[in-house]
Structure formats: structure tokens, C-alpha cells
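Let's take a walk through this model together. Have the viewer open and follow along as we go from one stop to the next.

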Amino acid sequence: EEARVKVQDYLRVLKRRGWLIVLITVLTAVSALIFSFLQTPVYRSSVDVGIQAARIDWGQAQTVKILLDSYVTVIHTRPWAQRVIEDLDLMLEPEALIGDVTIASDSQNLTIQIDVDANDGEQANRIAKRWAELFVEWRDSENQKQLKEDRVFAQILQEPSYQLLRPKWKINTAAGAVFGLLLGVLAVIALEWFEAGIIRTPRTLEEQTGLTVVGVIPPVAPSKR
């Protein structure tokens, strides 16, 4: 019986204050959506470069795996960025461009992935492709200094492609709605707590005191002059 009364109380509170929860949820979700559309979009272009040894054996494969990290170190440098800027005639500083480029190696697949972030997706593609092309050209030049059986080749596996990195308006809107829902519930709890000591109806008085209300004094209307 007590549990039933509590459920009824909760439903009564929800019926009386549910509009507040809905309002806050909608406002925060819409605010998150508007904020997302006001942000400058950032696109990420990715390109994979495969690394392959001229001699296919276990020892050479292990050597290539070791070399992958050193290749990343070589191509993620200021001089490399400067060459990309000059080749593409970009209005950027090398330090700024390096900050927008992420390069990582995958020793399992023997690949190096180059990611470029930019406000223009097509420009991100051009930068990623040129960065990869310079890497392939560098490996070809280094191979000329080595025996054929010791050479390591680099090859672009596919044309770079870009996708929207941020803002993720769907995720932002959903997160805003969840935050608004929690905020609305907290607001209702706070309001109920502040008003917990206020007795508004005879029924509430009877429930809290266990006494029977036998009469109610009506409010006195202000006298008219």
C-alpha cells in the first residue's frame, strides 16, 4: 500500500511538473543543435600507404615492421610540410600544417595512414595525397642507394577520401537532450524539496498529521473602498 501511494505521488508530480522537464529537454537539445550549425566544419581526409619489401621472407618482414615508426618520424616534420605547402601553393605555415596532420603506422598490415584535417574537404584530400606521394618518391630515391633485394617500396593503396570530422550534430543534439532531461528532473526535485513543507490542501494536512479536518477558513477578500 505504501509503495502504491509513492507511485501515485510520483505520477502526480510528473503530471504537475512534467512540462518543465519537457521544456528544459527541448531547449537544451535545440541549443546543442544550433551550436553545432554555428561551428566551422572540419573534414578529415585519410590515405593509406602500403609498405612492401622486395624480398619476401620473415627476416625482411620484421625489418619493415621496425622501419615503419622511423618512416613516420621522417615524414611528419617541418621540412616535409614545407614541401607540401610549396607544391600545392598553400597559404599556411609549416607548423600550422603539421598540427593538422596525423600519421600512424600499422605493423600488422604494414601500412602508414596519413590523416589531414581542414575546413575544406577537397583541400584536405590534396594535402593527404601530396604528402603520400612525397613519401613514395622519397622511398624510390632511397631504394636507388640499396641493393635490389634490400629495397623497401611504398605504394598509395587508394585515393584519399574525406568525411566530416566535426561537428557531429546528431550526437551533439542527443547529448543535449539527455543533459536537458537530467537537468529537468533535478529542477523538479529541487522544486518539490523547496515546497515540501508547504501545506496547500486539507487532504495534505490530514496525510501529514493523521488528523481529520473539520473545517476550513476561507480566504478573506480585500475590502473594497
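A good place to start is helix 6, where the buried residues are Thr173, Gly176, Gly180, Gly184 and Val188. The helix itself covers residues 169-194, and its 26 residues span 37 Å from the first C-alpha to the last, close to the 38 Å expected at 1.5 Å a residue. Keep in mind that what you're looking at is a predicted model.

Some of those residues turn up again when you look at helix 1. Alanine 32 sits in that helix, which takes in residues 2-38. Setting aside neighbours within four places in sequence, alanine 32 is in contact with Asn172, Thr173 and Gly176; Thr173 and Gly176 are among the buried residues of helix 6. Is alanine 32 itself buried or exposed? Its relative accessibility is 17%, so it counts as buried, the cut-off being under 20%. Alanine 175 is worth picking out here too: its C-alpha lies 8.0 Å from that of alanine 32, although the two are 143 residues apart along the chain.

Now zoom out to the whole chain. You'll find 7 helices and 5 strands, and reading along the sequence they come in the pattern α-β-α-α-α-β-β-α-β-β-α-α. Of the 225 residues, 28% are buried. The accessible surface comes to about 15,400 Å², with 61% of it belonging to carbon and sulfur atoms. If you take the contacts between residues at least 6 apart in sequence, 75% of them join residues at least 24 apart.

Next, a helix pair. Two packed helices are described by the angle between their axes and the distance between the axes. For helix 3 (residues 78-88) and helix 5 (residues 121-143), the axes come within 10 Å and cross at roughly 120°. That angle makes helix 3 oblique to helix 5, and the crossing is right-handed. Where they meet, helix 3 brings in Trp80, Ala81, Arg83, Val84, Asp87 and Leu88, while helix 5 supplies Arg126, Ile127, Arg130, Trp131, Leu134, Phe135, Glu137 and Trp138.

Step off helix 3 and you reach aspartate 89, in the loop that leads to helix 4 (94-99). Aspartate 89 has a phi near 55°, a positive value in a residue other than glycine. With 64% relative accessibility, aspartate 89 counts as exposed.

Leucine 110 also has a phi near 55°, again positive in a residue other than glycine. You'll find leucine 110 in the loop between strand 2 (101-106) and strand 3. Strand 3 (residues 111-118) is home to threonine 111, which counts as buried because its relative accessibility is 13%. What is threonine 111 in contact with, leaving aside neighbours within four places in sequence? The list is Val49, Gly50, Leu68, Ala104, Ser105, Asp106 and Leu157.

Further along, glutamate 159 occupies the loop between strand 4 (152-156) and strand 5 (161-166). Its relative accessibility of 53% means that glutamate 159 counts as exposed. Arginine 126, one of the helix 5 residues that meet helix 3, is 33 residues from glutamate 159 in sequence and 9.9 Å from it in space, C-alpha to C-alpha.

The last stop takes us back towards helix 6. Proline 167 is in the loop between strand 5 and helix 6, and the peptide bond from arginine 166 to proline 167 is cis, with omega near 5°.

Key. Residues numbered from 1 in each chain as written. Predicted model: local features only at pLDDT ≥ 70, side-chain atom pairs only at ≥ 80, totals over all residues. Heavy atoms only, no water. Helix = DSSP H or I, 4+ residues; strand = E, 2+ residues; numbered from the N terminus. Expected span 1.5 Å × (residues − 1). Buried < 20%, exposed > 50% of the residue type's maximum accessible area, 1.4 Å probe, protein only. Contact = heavy atoms within 4.5 Å. Areas by Shrake-Rupley, 256 points an atom, 1.4 Å probe, with all protein chains shown as cover. Axes fitted to C-alpha atoms, helices over the stretch in contact; angles between N-to-C directions. Parallel < 35°, antiparallel > 145°, perpendicular 65-115°, else oblique. Left-handed = near helix turned anticlockwise from the far one by under 90°.
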